[in-house]
Amino acid sequence: MTRKEAREHCFKLMFEYEVQKNDAQTMLSYFVENELSLGNQKNYVETLLRSAVENIAHIDETIEQNTKGWRISRLPKVTLAVLRVAVAEMLYMDDIADSISINEAVELAKTYNDEKNGKFVNGILASVFKGK
């Protein structure tokens, strides 16, 4: 599995977490233990998801501070999941360049929403980057 595919799995799990409101630790542990296709990306997925869930309040605060008038509750769930994964990478994973996190998030937003959403995500993440 590539890092890009692993990041997409993380996005999908963050979306599931938001929609279903299941116990995050149980859901994440089950996925990491049972997803055989993760291969060499298992540690990345586990680290990213744990960072995102354990720091979700700080991540959401960071997102909200950079949305210029948008509250977290108003963001589409797909957009919120994309942003949470990217901000978690930017804040808690020093081995990943912020530019990669931003570019991959924009691509996910375009794939799972549309071009306009990709631009929205790019603007928010650029603002997060400048504020680091």
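What share of the 132 residues of the chain counts as buried? Keep in mind that you're looking at a predicted model. In this model, 47% of the residues are buried.

Let's start with the overall build. The chain has seven helices and zero strands, so if you walk along from the N terminus, you'll meet α-α-α-α-α-α-α. How does the chain fill space? Its C-alpha trace spans about 40 × 30 × 25 Å along the principal axes. A compact globule of 132 residues would have a radius of gyration near 14 Å, and the chain agrees, because its own value is 14 Å. Now look at who touches whom: take the contacts between residues at least 6 apart in sequence, and 67% of them join residues at least 24 apart.

Next, the outside. The accessible surface comes to about 7,000 Å², and carbon and sulfur atoms account for 49% of that. The chain also carries 17 positive and 20 negative charges, and the mean positions of the two sets are 7 Å apart.

Now zoom in on one residue, Asn66. You'll find Asn66 in the loop between helix H4 (56-65) and helix H5 (77-92). Is Asn66 buried or exposed? Buried means under 20% relative accessible area, and Asn66 has 13%, so Asn66 counts as buried.

What does the side chain of Asn66 reach? One partner is the backbone oxygen of Thr62, at 2.6 Å. Another is Ser127: the two side chains make a polar contact of 2.6 Å. If you set aside neighbours within four places in sequence, Asn66 is in contact with Ile124, Ser127 and Val128.

Conventions:
Residues are numbered from 1 along each chain as its sequence is written. This is a predicted model: local features need pLDDT of at least 70, side-chain atom pairs count only at pLDDT 80 or more; totals for chains, interfaces and linings use all residues. Side-chain values use heavy atoms; hydrogens and water are left out. Helices (H or I, at least four residues) and strands (E, at least two) are DSSP runs, numbered from the N terminus. The radius of gyration is taken over C-alpha atoms; the globule rule is 2.2 Å times the number of residues to the power 0.38. Buried means under 20% relative accessible area, exposed over 50%, partly exposed in between (1.4 Å probe, protein chains only). Contact means heavy atoms within 4.5 Å. Accessible areas come from the Shrake-Rupley method with a 1.4 Å probe; for residues, only the protein chains shown count as cover. Lys and Arg count as positive and Asp and Glu as negative; His and the chain ends are not counted. The place of a charge is taken as NZ of Lys, CZ of Arg, CG of Asp or CD of Glu. A polar contact is a pair of N or O atoms within 3.5 Å; within protein, one must be able to donate a hydrogen and the other to accept it, and residues adjacent in sequence count only if both atoms are side-chain atoms.
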